[in-house]
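Colleague: I should be grateful for a close look at a single part of this model. Please begin from one residue and work outward.

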Amino acid sequence: MNFRTDLALERKEYIDKHSLDGIISHRKTVDGITVDTITVTDERGERTLGKPIGTYITVETVPFTNNSDLFSPSLYVLRDELRSLLPEGRDCVLVAGLGNEDITPDALGPRCISLLFATRHIPDSLAEETGLGSLRPVAGIVPGVLGKTGMESSEIISGVVKKIKPCAVIVVDALASRSTDRLGKTVQLCNTGISPGSGVGNHRRKISEETLGVPVIGIGVPTVVDGRTLACDILEKAGISGSLINKEDLKDTMMVTPKEIDALIERASRLIAMAINTALHPDISGEEILAVVS
């Protein structure tokens, strides 16, 4: 493939339809929201798609910068898709926000954690007294970045997992897309974990069930497009082959992000945080949770 993307859907779009052995795809529309589910079933699918065996759900939302309504259909579609990936039961869940909060396009994860309804520390008796009923234990962590902490995010998260023993880990991170058309209006969920920094070519140790010993659900929003990928996309839209671009011409990779990135991150983090909150606490309304975390 002549482009960089973290989205399984974009990879599938550029695969010959006759080469989809080991890959099952399904599209549905819920309340006007398009949901694509791609399942990689075996090693053939892994090789073709370049993604591990597992399920990848892509939700095309209303553009974040055009929609300030938090309690929109997008929220409930994301909530329900996330629930479909979560283990059954009400055991503790750890939510990790990856990224660098000092760099806006990479601040999605940390911003989500700031809006997380963390409940692991709340005694059942206090929850009952405040009218919240039975709360599922939820913990949040922002592991930071290697350059600041000297530790891999996976190392920090692994240590927390060993201590609090959650039944699953939800990891939120910014992603890279192949096309500017998907920036700020796409959310990908998967049950295969996540590789921090892969979208910007800064590959770090993977965070997955294989490395942590518990199921890992990845949630991401594309916030950047690789410069060379963008150039290829523009050429192809003009009917010119992107293969004409010499790799050496863009050797020092440039990442491109929308001018509305501040609003995109602010609204995307609110939407994903509330989708996580409502998925983990089904007995509490979104409005009640928002009153607590705001």
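In which helix is the place of P73?

Modeller: The model is a predicted one. P73 has its place in helix α3, which covers residues 73–85. With a relative accessibility of 38%, P73 counts as partly exposed. Leaving aside neighbours within four places in sequence, P73 is in contact with D31 and I33. Between P73 and T61 there are 8.6 Å from C-alpha to C-alpha, and in sequence the two are 12 residues apart.

The helix itself comes next. α3 consists of 13 residues, and from its first C-alpha to its last it reaches 19 Å, close to the 18 Å expected at 1.5 Å a residue. Buried in α3 are S74, L75, V77, L78, R79, E81, L82 and L85.

Several of these residues recur in the surroundings of L189. Not counting residues up to four places away in sequence, L189 touches L78, E81, L82 and L85, which are among the buried residues of α3. The other residues that L189 touches are T55, Y56, I57, V59, G218 and I219.

This leads to the nonpolar interior. The largest nonpolar core has 49 residues, and L82 and L189 are among those with the most contacts inside it, together with V95, I170, I219, I272 and I276. Helix α10, residues 261–280, supplies the largest share of this core, 11 residues. Apart from this core lies another, of 19 residues, which includes A139, I156, I194 and L212.

Helix α10 also has a part in covering another helix, α11. In α11, which spans residues 286–293, the buried residues are G286, I289, L290 and V293. Viewed down the axis of α11, its buried residues fall within an arc of 100°, so they line one face of the helix. What covers these buried residues includes α10.

The cysteines deserve a final remark. The count of disulfides comes to zero. C92 is in no disulfide, and the nearest cysteine sulfur, that of C167, lies 7.3 Å away. C92 counts as buried because its relative accessibility is 10%, under the 20% cut-off. For C190, the closest cysteine sulfur is in C112 at 15 Å, which is too far for a bond. C190 likewise counts as buried, at 5% relative accessibility.

How values were computed: Residues are numbered from 1 along each chain as its sequence is written. This is a predicted model: local features need pLDDT of at least 70, side-chain atom pairs count only at pLDDT 80 or more; totals for chains, interfaces and linings use all residues. Side-chain values use heavy atoms; hydrogens and water are left out. A nonpolar core is a set of buried Ala, Val, Leu, Ile, Met, Phe, Trp, Tyr and Cys residues joined through side-chain atoms within 4.5 Å. Buried means under 20% relative accessible area, exposed over 50%, partly exposed in between (1.4 Å probe, protein chains only). Helices (H or I, at least four residues) and strands (E, at least two) are DSSP runs, numbered from the N terminus. Contact means heavy atoms within 4.5 Å. A disulfide is a pair of cysteine sulfur atoms within 2.5 Å. The expected span of a helix is 1.5 Å times one less than its number of residues. The arc is that of the directions from the helix axis to the C-beta atoms.
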